[in-house]
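Open the model in your viewer and keep the selection tool at hand. The stops below go from one helix to its surroundings, then to a sheet and to pairs of charged side chains.

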Amino acid sequence: MGKAAVAKAFEDINAAVAVLRAEAVGCGSEPFSAADPLAGLADGCLEILAGAAGVQARIAGLVANAAGTYAGTARAAAPPDAPVQAQEMAIAAEISCVMAIGDRAAGALLARSHALTSSLPRTLAALHNGTLSWQHATVMVDEAATLDPAGAAALEAYFLDPHTPQPGTAAAIGQMPAYRFRAKARTWRERHHAESIEKRHAKGVADRRVEYRPDQDGMAWLSAYLPAHHAAAAWNRLTAISRGRQGPDEARTLTQLRADTFAEALLTSGTTTTSGNSGSSSGAAGTSGPTGPGHGDGHGDGHDAVSSGGGEAAGPGPSSSIRPQVLVTVPVFSLMGLTDEPAVLDGHGPIPASMARDLVAGGADSFHRVLVDPRDGAPLEFGRTSYRVTKAMRTWLRLRDGKCPFPGCSNSSLDNEADHLLAWHQGGTTGISNLGQPCPKHHKLRHTSGWKPTPATTTGPPGWTSPTGRHYTSEHQDWEPPHWPRQLEPVTGRPPDHACTRLSPGEDALARILHAHG
């Protein structure tokens, strides 16, 4: 078969694409719906988009196989005395020319193709099945690159093994944008990396810095690589101050206000006021996190990169009375120093246990102590029956959802609004199961369009139904059972159940510890 088979296959692909293209522009042989041609065409285009996403994934898997096989055969055919570096350059150059991409892009493609074909079989299979995009596969390759083979296999299995227990209503990783999968994969990596997060954090702290990078059009970027809780607290305070400046007489967007407030705080210490809008740009990448002493990790090891374009300040100076709102969940044994299990910083992910202990010891007034179920690591519910959503319930929603529950949205829970899924006047309660916390954008979408949330649970956010009737699931938090100290491990085969009259030594110790610590 050989080349003839390849040529015939691509002819068939091109013919199929031509048919789909005609259907997508309404020029098919027959309408999608004779009763309602316009609605039928709209629904048909959604079907084409969904199918095209799967085809793109399969093509990406094909490219990975072809690139990997070419590189392997080229190496095997090279003379024994050929310099390795020259050989690799030649292979990348060939890929670069045949695909009309740059040398760096070709090198990256070869490296990722090698990882997929040699050590990430589940990811490659998902590409071939059309259930995972190339962008998702790239995330898996990047996160697995710093793990040993066993760790990489465990990472793959956690997200791609169909036998791994997952909430039935949770979105599969292929159903969420790749940048959301990156956040989940990074969280798993932090929890399971062979090297402790404390050691990786210490290396990251030593590399903290501020960088300046000129950009086009008279603009520039000022970036800080900081401990996660410092960066997150600064971002949250910056957001709170900027939201406070919004109003009917303020023409600047929230993004512009963040940039202007940031520049003003640095250039004037927030004590003076200058006039005029700056037009500066913001490129911040922030998370929700606590204030207080201690250190964080970064770029996958507990730091966040926080950037902002500089500009002339405008408006009143930042108010010193505004404090960032934060949420940290710390396993009780980790808080007591019996284990080094990472804590979780809202909107960021795992942080070193030492950072969380420093926050508590330093009296961080925005720290919320959360009791988690020792069987599965999930928080325990609380609530009330009046219409008003209490501060405690809002905190619970932040724990349950972590962000806006709309599929693909990354908006931090700090900015989100508690919302009744079934309206109060229609009989809805103010229990956690009837509450969501959409961001302002998706809160408005819910009340001004046909998008509607579906029921939530105490431990899972609501899904969404579109105006076309399609249902989209939301992400769920990746709760994991807390680590028990060896001396307190419960009896094998029976999870802790404090409703029982007889407790194992580990359960009895846990009960006494929790009682002693309130």
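Select residues 134-144, which are helix α6 in this predicted model. Eight of its 11 residues are buried, so the helix is largely enclosed by the rest of the structure. To see which ones, colour His-136, Ala-137, Thr-138, Val-139, Met-140, Val-141, Glu-143 and Ala-144. A charged residue, Glu-143, is among the buried positions of α6.

Which helices help to cover the buried residues of α6? Add α4 (103-119), α5, α7 and α8 (178-192) to the selection; the cover includes these four.

Keep two of those helices on screen: α5 (residues 121-129) and α7 (residues 149-160). Their axes are 8 Å apart and meet at an angle of about 40 degrees. That angle makes α5 oblique to α7, because it falls in neither the range under 35 degrees, which counts as roughly parallel, nor the range of 65 to 115, which counts as roughly perpendicular. For the contact itself, show Pro-121, Arg-122 and Thr-123 on the α5 side, and Glu-156, Ala-157 and Leu-160 on the α7 side. By type, these contact residues divide into three nonpolar, one polar and two charged.

Now zoom out to the whole chain. It holds 16 helices and 12 strands. Of its 518 residues, 42% count as buried. Take the contacts between residues at least 6 apart in sequence: 64% of them join residues at least 24 apart.

Next, go to the strands β10, β11 and β12. They form an open sheet in that order, with antiparallel pairing. Select 452-453 for β10 and 471-472 for β12; these are the edge strands, and each pairs on one side only. Strand β11 (residues 464-465) pairs with β10 over two bridges, in the antiparallel sense. One bridge can be picked out by residue: Pro-453 has Trp-464 of β11 as its partner.

The last stops are salt bridges. How many does a search of the whole structure find? The search finds 17.

Start with Arg-75 and Glu-88, whose side chains meet with an N to O distance of 2.8 Å. Arg-75 lies in helix α2 (residues 37-77) and Glu-88 in helix α3 (residues 84-99), so the pair, 13 residues apart, links distant parts of the chain. Arg-75 has 38% relative accessibility and counts as partly exposed. Glu-88, at 30%, is partly exposed too.

Move on to Arg-209 and Glu-211, a salt bridge of 2.7 Å, N to O. Here Arg-209 is partly exposed at 34% relative accessibility, and Glu-211 is partly exposed at 41%.

Then select Arg-252 and Glu-250, where the closest N and O atoms are 2.9 Å apart. Is Arg-252 buried or partly exposed? Arg-252 is buried, because its relative accessible area is 8% and the cut-off for buried is under 20%. Glu-250 has a relative accessible area of 21% and is therefore partly exposed.

Finish with Asp-43, Glu-47 and Arg-470. These three residues are linked in a network of salt bridges.

Note on methods: Residues numbered from 1 in each chain as written. Predicted model: local features only at pLDDT ≥ 70, side-chain atom pairs only at ≥ 80, totals over all residues. Heavy atoms only, no water. Salt bridge = Lys/Arg side-chain N within 4 Å of Asp/Glu carboxyl O. Buried < 20%, exposed > 50% of the residue type's maximum accessible area, 1.4 Å probe, protein only. Pairing = 2+ DSSP bridges. Axes fitted to C-alpha atoms, helices over the stretch in contact; angles between N-to-C directions. Parallel < 35°, antiparallel > 145°, perpendicular 65-115°, else oblique. Contact = heavy atoms within 4.5 Å.
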